[in-house]
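Reader: Could you take me through the aromatic pairs in this one, up close? I'd like to know how the rings sit against each other and what surrounds them.

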Amino acid sequence: MMRRLFAVLLFLLAAVGALRAGEPLARVELLTKPPIVPGQQVQIQVDVLVPNFFLSAPKFPVFDLPNAIVTLPDTGAVNLVETIGGESYAGIRRTYLVTPQAAGEFTLPQTRITFSYAAVPGQTSEGSVTLSPLTFMVAGAPAGGGAAAAKITVTQDLDRDPKGLKAGDTLVRTITIQAQGMQAMMIPVPQFEVPDGVRLYPHDPVLSDNQDQRNGPVGGKRVDRVTYAFEKEGSYQLPAIEIGWYDPATQKHEVAKAPEVTVTVAAQPGFTPAIKPPDITEEAAPKRPVPWLALAWGAAGLAALGLLLWIVPLLWAGVGRWRQARRRRYQQSEAYAFQQLVAACRGGESTAVYAALQSWAGRVKAAPLRDWLRSGGDGAVLSEYERLESVLFAARPGSGSYDAGKLLSGITEARRKWLARQAEVSVPAALPPLNP
């Protein structure tokens with residue numbers, strides 16, 4: 001009898017053990033092969049696997065890493081099905097993007113990931129895994145600098161034929177930069193230069209990241225659009241746009257370039273008089289004298305009328321162009337960009353605040369803005385700006401928080417100091433004392 005009870009107990013224990021699956025596990029892998037340089041995008045792949053199946057998505061956290069930018073793109077998650085030890089496991093794969101800003105040793109902290117899964121069929125179990133620390137080395141920055149990417153291409157597009165313009169016309173130039181192995185926000189800002197007689201009106205850039213459903217982030221794209229206004233006739237050379245980059249795989253410096261643009265601007269032709277003055281004819285007969293005085297007054301009146309009909313449209317068109325140019329200058333000014341920032345901060349929408357802030361920073365040549373704020377020594381506004389970036393670019397956008405009022409207050413103070421420095425530069429030096 002005891003033997004039978006013991007056999008039944010062993011059978012039940014074996015059955016329960018068979019029903020209960022193994023333990024969850026995690027894998028961490030450095031996908032980016034060394035050597036790694038500062039500014040290079042490093043991919044770290046994390047797999048979380050559980051027996052049977054998940055009942056809730058794993059909560060992948062975004063951790064802080066000194067001297068590095070860490071992001072976890074929302075897209076790019078991959079579902080896995082594997083057999084481990086003869087048992088079926090379900091898994092989820094995510095890829096962290098780490099961009100080191102300096103050379104040295106970087107170690108990912110021990111990170112805990114929680115989830116719910118079916119350890120026993122029909123039951124919900126709470127589980128967690130802890131990622132093992134992962135260390136990688138970043139070599140010194142390569143000589144010559146430049147952004148680190150697998151490949152960068154630069155293309156351009158013009159809205160019209162650059163050799164068929166007239167004085168007062170505009171030309172829109174669109175520069176598209178695509179970078180493999182680099183997020184859009186890390187792409188270098190192109191520099192636009194203009195020759196004398198040309199005004200430049202930049203537009204806000206458009207940034208986007210490209211994702212691959214199975215392999216994760218593959219690169220970013222930045223689109224810059226500028227408008228050139230030509231004030232007088234002549235031939236102009238719009239300089240080429242060059243972006244230097246460093247390929248860690250080949251350890252070579254490369255340059256991606258959009259070629260220079262030759263622009264030919266013709267003079268704006270004037271209008272001819274609407275009524276032509278009559279020709280002076282010879283005297284027809286001695287007995288019928290020509291009324292020279294009347295003809296002179298008539299010709300003068302017709303000439304004045306023609307001149308009036310010619311000059312009024314020109315003046316009206318000139319006033320219209322002046323008003324449009326004045327409006328464009330204001331809309332491209334630092335003051336207008338700052339007013340847009342104030343309005344965006346009062347609205348509180350983080351995407352609008354970030355776009356307005358980047359637009360204003362471009363007007364004061366404060367790009368990259370993070371370095372500009374850091375050089376100003378105001379840690380509070382730099383912290384708010386970093387919180388704003390975290391809200392926008394964290395794994396779960398909107399999960400953090402920032403204070404738009406504090407950010408605006410800090411930027412306002414930084415702007416006041418910047419304006420004071422600009423005023424000091426623009427004040428002419430005092431005249432030297434006269435000789436006694």
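Author: Here's a walk through the aromatic contacts, with a short look at a sheet and a surface patch afterwards.

Keep in mind that this is a predicted model. The count comes to seven aromatic pairs. Let's start with Phe63 and Tyr96: their ring centres are 5.1 Å apart and the planes meet at 40°, so this pair is tilted. That angle falls between the cut-offs, since planes under 30 degrees apart would count as stacked and those over 60 as edge-to-face. Phe63 comes from the loop between strand E2 (42-51) and strand E3 (68-71), while Tyr96 belongs to strand E5 (residues 87-100), so the contact ties together parts that are 33 residues apart in sequence. Both ends are tucked away: Phe63 is buried at a relative accessible area of 9%, and Tyr96 is buried too, at 1%.

Now for Tyr354 and Tyr385, an aromatic pair that's stacked, with 6.4 Å from centre to centre and 10° between the planes. Here the partners sit on helices: Tyr354 is in helix H4 (residues 350-363) and Tyr385 in helix H6 (residues 379-393), so the pair links parts 31 residues apart in sequence. Tyr354 and Tyr385 are both buried.

There's also a cluster to look at, made of Phe54, Phe115 and Tyr117.

Some rings have charged company as well. Arg94 places its charged end over the ring of Phe60, 5.6 Å from the centre. Over at Phe338, it's Arg415 that lies over the ring face, 4.2 Å from the ring centre.

Moving on to the sheet: three strands make up an open sheet in the order E12-E20-E17, and the pairing is mixed. Strand E12 (165-166) and strand E17 (234-238) are the edge strands, each with a single partner, so one side of each has no neighbour in the sheet. As a reminder, strands of a sheet pair through backbone hydrogen bonds, either parallel or antiparallel. For E17 and strand E20 (residues 261-266), the sense is antiparallel, over five bridges. If you want a spot to zoom in on, Gln237 has Thr262 in E20 as its bridge partner.

Last stop, the outside. Leu305, Leu307, Leu308, Leu309, Ile311, Val312 and Leu315 make a nonpolar surface patch of about 600 Å². Pick Leu307 as a way in: Leu307 lies in helix H2 (residues 292-331) and is partly exposed, with a relative accessible area of 47%.

How values were computed: Residues numbered from 1 in each chain as written. Predicted model: local features only at pLDDT ≥ 70, side-chain atom pairs only at ≥ 80, totals over all residues. Heavy atoms only, no water. Patch = residues over 30% accessible without salt bridge, like charges linked within 9 Å, V, L, I, M, F, W, Y side chains within 5 Å. Areas by Shrake-Rupley, 256 points an atom, 1.4 Å probe, with all protein chains shown as cover. Salt bridge = Lys/Arg side-chain N within 4 Å of Asp/Glu carboxyl O. Helix = DSSP H or I, 4+ residues; strand = E, 2+ residues; numbered from the N terminus. Buried < 20%, exposed > 50% of the residue type's maximum accessible area, 1.4 Å probe, protein only. Phe/Tyr/Trp six-rings, centres within 6.5 Å; stacked < 30°, edge-to-face > 60°. Lys NZ or Arg CZ within 6 Å of the ring centre and 35° of its normal. Pairing = 2+ DSSP bridges.
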